[in-house]
Amino acid sequence: MSKIFQLIFILTLTLTIFGCGKTETTKTQPAESEPEQSAESESKSETTEPFQPVIISFVGDCTLGTFQGSDNAFAYYWQYGAEYYLGNVKNIFSADDITFVNLEGPLTEHPQVLQKQFPMRGEPKYVDILKAGSVEICNLSNNHIYDCGEIGFQDTVDLLKANNIKFCGENFSEIIEVRGMKIGFLGYQGWYDEPTLREKVSADINKLREQTEFVIVEYHWGIEREYTSIPDQETLAHFTIDSGADIVVGAHPHVVEGIELYNGKLIAYSLGNFCFGANNNPSDKDTFILQTTLDRQEGKITITPKIIPCRISSTTSYNDFCPTPVTGSEAQRILNKVAQASSIYPQTINFQ
């Protein structure tokens, strides 16, 4: 009988072991479907991210070089490198989405050919100043861009392309897309408000509007060392806004002029000098960065402007070609200066 009991015990133990194995396999089956359930849950929890505003910084005349017969204003390049020139504003330009400058003068090895008092030229390697300073786009329409002839101009265009720096003006337009917002750029020499120029500006804006939702125009215009815009600047700026532009900025007077709000759009008549190699010690070193924040809400873009007061030099005694933000009483003086120049317009921005 003891052998029979032993046989029964062994049989029972064997069945128990195989039964447990089946139970473990069954318990693992729901785990195989968990990834699918998790993916479905993630799909349901997806949300649309709010639009992040686009920040654009505008500055005035950047003359990366000097004129024939003058001291080599850009000798600092060999001593300190390309990072020196825009080093004091690099943190501002790196933090924005687009930095837009007026490049006044060609970057080329071709000699200066125009017979004028101050023909400008910069070495091709000076393009590194723009790259080191986080500049994304240049306006080329100004009265010095052809100082080295068509060859010098084309050299500049090719150089900017090779270094992935955008440009506009002189029949070039540009589109830059930031977080889904397409922004168009145009540039002109606008010495007179004349029908031929109006026709071209209107056609260019209409064409660019078909591809973008925001248009910026820069003019080289006005009178040197005049702190007040002239009628040709004002009527041309208004026409440009009426034709579909959203922001108009200007250069050439080498001093700052006023800012106008016109039909809800922004006009800065002169941003003054910025990184300016054409004068070793200008009497007026005031300038500013015009920074605009573009926000899109329910299909409408709003413009919020901000002025960052600067000096074209890190020192007041001479021009060291290193534009520098200023603070305190000096910053307030520059704000008051621009506010005073802006008081002639029916509407302007808040300078507080």
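This briefing covers the empty space and the aromatic contacts of the structure above. The model is predicted. A search of the whole structure finds 1 cavity of 30 Å³ or more, while the largest pocket holds about 480 Å³ of space. Among the aromatic side chains, the count comes to 17 aromatic pairs.

**Cavity**

- The volume of the largest cavity is about 30 Å³, and its lining is made up of T63, L64, G65, T66, E104, G105, P106, L107, M120, R121 and G122.
- By residue class, the lining of the largest cavity consists of 4 nonpolar, 5 polar and 2 charged residues.

**Pocket**

- In the largest pocket, with its space of about 480 Å³, 21 residues form the lining, and those closest to the centre are E224, R225, H254, F276 and N279.
- The lining of the largest pocket divides into 8 nonpolar, 8 polar and 5 charged residues.

**Aromatic contacts**

- The count of 17 aromatic pairs includes the pair of Y77 and W78, whose ring centres are 5.3 Å apart and whose planes meet at 75°, so that the pair is classed as edge-to-face because this angle is over 60 degrees.
- The two partners differ in exposure: Y77 counts as buried because its relative accessible area of 12% is under 20%, whereas W78 counts as exposed because its relative accessible area of 55% is over 50%.
- One aromatic cluster is formed by Y76, Y80, Y84, Y85 and F321.

**Charge over a ring**

- R296 is placed over the face of F51, at 4.6 Å from the ring centre.

How values were computed. Residues numbered from 1 in each chain as written. Predicted model: local features only at pLDDT ≥ 70, side-chain atom pairs only at ≥ 80, totals over all residues. Heavy atoms only, no water. 1 Å grid on protein atoms, 1.4 Å probe; cavity = no way out; pocket = protein on both sides within 12 Å on 5 of 7 lines; lining within 4 Å. Points joined across faces, edges and corners; volume = space filled by probe spheres on them. Nonpolar A, V, L, I, M, F, W, Y, C, P; charged D, E, K, R; others polar. Phe/Tyr/Trp six-rings, centres within 6.5 Å; stacked < 30°, edge-to-face > 60°. Buried < 20%, exposed > 50% of the residue type's maximum accessible area, 1.4 Å probe, protein only. Lys NZ or Arg CZ within 6 Å of the ring centre and 35° of its normal.
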